[in-house]
Amino acid sequence: MLHLVKPLLRPHLRRMRWAHSKAPKPPKPPQAPPKPPNPPQKPEAFTLHDHTWHDPYSWMSKLNDKVAMRHMDMYMEQEDNYTQAVMSGTDRLQSKLQSEMASRLSFDLSTPPLKFGPWLYYRRVEEGKQFPVLCRRLASLQDEFISHNLPSAGFDFTSGKRIEQKLIDYNLEAQRFGGYAYEELSEVSPDHRFIAYTMYDKDKDLFRLSVRNLNSGALCSKPQAERVSNLAWAKDGQALLYCVTDQNKRPYRIYCSMIGSTDEDVLVFEESDNDVFVNIRHTKDFRFVTVNTFSIESSKVFLINAADPLSGMDLVWQCEGIAHCIIEHHQGCLFLFTDAAKGGQSVDNHYLLRSPVDSSSSPRIWEDVFVSDPDWVVEDMDFSHTHLVLNIREGRNFRLCSVALPLPAGKGPVHLKELHPQFLPLPKYVSQISPGPNYDYHSSNMRFTISSPVMPDAVVDYDLSNGNWKIIQQQNILHERTKVLYGTASSASISENTLNTDVFNSANEVSPDDQQLWNDLSEFYACEQHNVSSYEGVLVPLTVVYSRKTKKEDQNPGLLHVHGAYGELLDKRWRSELKSLLDRGWIVAYADLRGGGGGGKKWHYDGRRTKKINSIKDFISCANFLVDKEIVHEKKLAASGYSAGGLVVASAVNQCPHLFTAAVLKVPFLDATSTLLYPIIPLTAADYEEFGYPGDINDFHAIRDYSPYDNIQKGVLYPAVLISSSFNTRFGVWEAAKWVARVRERTIYDPKRPILLNLTTDIVEENRYLQCKESALETAFLIKAMES
């Protein structure tokens, strides 16, 4: 770093050296800003519902047209060169940002080992390797290789190699799959003899199933199926059921493969209706495999006896419309967690039902477990042999509690409070509670990841038998180290007190003395929660994070994040790359719009299909709030959206281009009309339920109204925009390319507000150093846009 500051500290020495040397060359005249690419226009007319429109760039999505794709390749190369030219002046800034972000990566060598049966399973990265290795070791030998005197040393991998068993080396898998090691599914058999996993085949654009013998390390000769979407073990690990997709990526067939047998895999089920999708999973006790079929018309759940997977399927639940249906089994009872309509009336939240396995009634009778309580909304649940764990939402706040099993029987639904739930301690400002794999049904421990905007993710083990808890892994951003019980910290100088992983007694609230144990950063970074009045007086939650050291009223630049789709929670986790913005005086805000999660089904439905415009209005309201309340300077507001969030940002820019100075869109959904009407990447029923059916005239007009590509204003100045997409067709780069070309064509050109297309050739999510590079580019772009 010193070489960067020396020229600033010693300018007089530089002048002295120049005085004794030759006269300097005259400065070069300022170069003209690079000109953006100008792809050819080939207008094509489309008509639906007596409405005709023209698309001058539809040729970019014609993947089977060789001539069009040759033009597309040339155009993409031009876009890549243009982006590099525009951003060339930020090379040093990007390098600095990348170094900052890379220095904050957690360098723990191992994920926290997860106990499943007699084994501890974990992934660790070997020195000099890009991808991890999946390993296991016997839990009974664990303590022998842990340093309790120096917790920062963690597990002694060098000495412990003799008890470690390597299961999958993903560096070798990358050699099998064209340099990628992108795993979608992995399941260890209940007898711990095999692992079934799917890897992405880049060349074929599909996921391929492999089964590996964990004792020998060899791949099994079968099954080796392609286009696998789900899998479930049966018959105590002797049989594997897996679901495959058709050419349109619709899961539709279930096969059963007997491991070690040379017989052909047996077709168990096939769904012939092209509108129906299939999904399978096993219950946590491995007693049953559940088969879910769903479409816009109905949802059904079937049971397969795991002990005899070829004995047929029994229908145990059905309802109208698409519903979330998860079935678990506990001591002779089936438990169904669902958001299906009741008595023909839509419900706002999930609820829990139960029915005896051996019920003889037809149709099967299900009874409510809990009395509905609007103050305690159950967002998620998980079972162990002895406890039921519930993720509860109180308003917008999350809590985690457990109740002992079995639950009272024969009394009808009960109030959850009557069961004396034990609440597990949580830190402040929890934004999300994510369950761990928790494979071990018979374990009293259950693992969760606790997330907050001002706290690095904490991996926590809760002992349900006594309520005790311990942080298994958490990065300490301030000291650039990782708190980890079973891995290796990045600094060997951590004191025992700082890295204490003893068990703490639980309470409903974390005491102030215990708050520091979570590596909470709220002493340095403030977290504020606001309710913003939006369209029709609806209050939209807005979370604002900033550095206490650099906050200045009405002076700070700001970045507003959004998602607002599929009823999913907006990711408000602490992200170390954002520290580079926060420490430079930026405000980072998160808008929980209608269409997203955290507010029940009505909140989701009020931001989808014909009501999608509500998501955009909510976002604009939140942006105006930041400016009106002088939280962010009126000329320094930027926006960021990923996928469906990109649609919201781009639509808001169309409506209020003056409101934003810059925007970052990551693999955004921009050409809604064409994508929904003529899908290139197959869409699901959930996609149409979210964004609308073009065949429905009301949905069609709504799509035309909010579609970013179809509503770009003419003759106005747009903010600077950086769109990140990929050459990989899974991400639909043509949508980004079309939008970029049309914005440049229709809006006022200003080199200080460039429209850039950043292209990658890799799956960025699988390479954290590539993530740093991409994040550094995005951050440099935002800083450059504000300085301009």
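## Close-up views of a predicted model

**View 1. Surroundings of Phe 619 in the predicted model.** Phe 619 touches Leu 560, Val 562, Leu 593 and Ala 639. Its contacts also take in Val 648, Val 649, Ala 652 and Phe 660. Residues up to four places away in sequence are left out of this list.

**View 2. The largest nonpolar core.** This core has 71 residues. Phe 619 is among those with the most contacts inside it, together with Met 72, Leu 542, Leu 560 and Trp 739. Leu 560 also appears in View 1, as a contact of Phe 619.

**View 3. Another nonpolar core, apart from the largest one.** It has 36 residues. Leu 570, Val 664, Leu 756 and Leu 777 are among them.

**View 4. Asp 339 in its loop.** The loop runs between strand E19 (333-338) and strand E20 (351-356). Asp 339 has a relative accessible area of 14%. The cut-off for buried is under 20%, so Asp 339 counts as buried.

**View 5. Contacts of Asp 339.** A polar atom of the Asp 339 side chain lies 2.8 Å from the backbone nitrogen of His 324. Asp 339 touches His 324 and also Ala 323, Val 347, Asn 349, His 350, Tyr 351 and Lys 601. Residues up to four places away in sequence are again not counted.

**View 6. Two buried cysteines, Cys 135 and Cys 256.** Cys 135 is buried, with a relative accessible area of 0%. Cys 256 has 2% relative accessibility, so it counts as buried too. The disulfide count for the model is zero.

How values were computed
Residues numbered from 1 in each chain as written. Predicted model: local features only at pLDDT ≥ 70, side-chain atom pairs only at ≥ 80, totals over all residues. Heavy atoms only, no water. Core = buried A, V, L, I, M, F, W, Y, C linked by side-chain atoms within 4.5 Å. Buried < 20%, exposed > 50% of the residue type's maximum accessible area, 1.4 Å probe, protein only. Contact = heavy atoms within 4.5 Å. Disulfide = S-S within 2.5 Å. Helix = DSSP H or I, 4+ residues; strand = E, 2+ residues; numbered from the N terminus. Polar contact = N/O pair within 3.5 Å; in protein donor to acceptor, adjacent residues only side chain to side chain.
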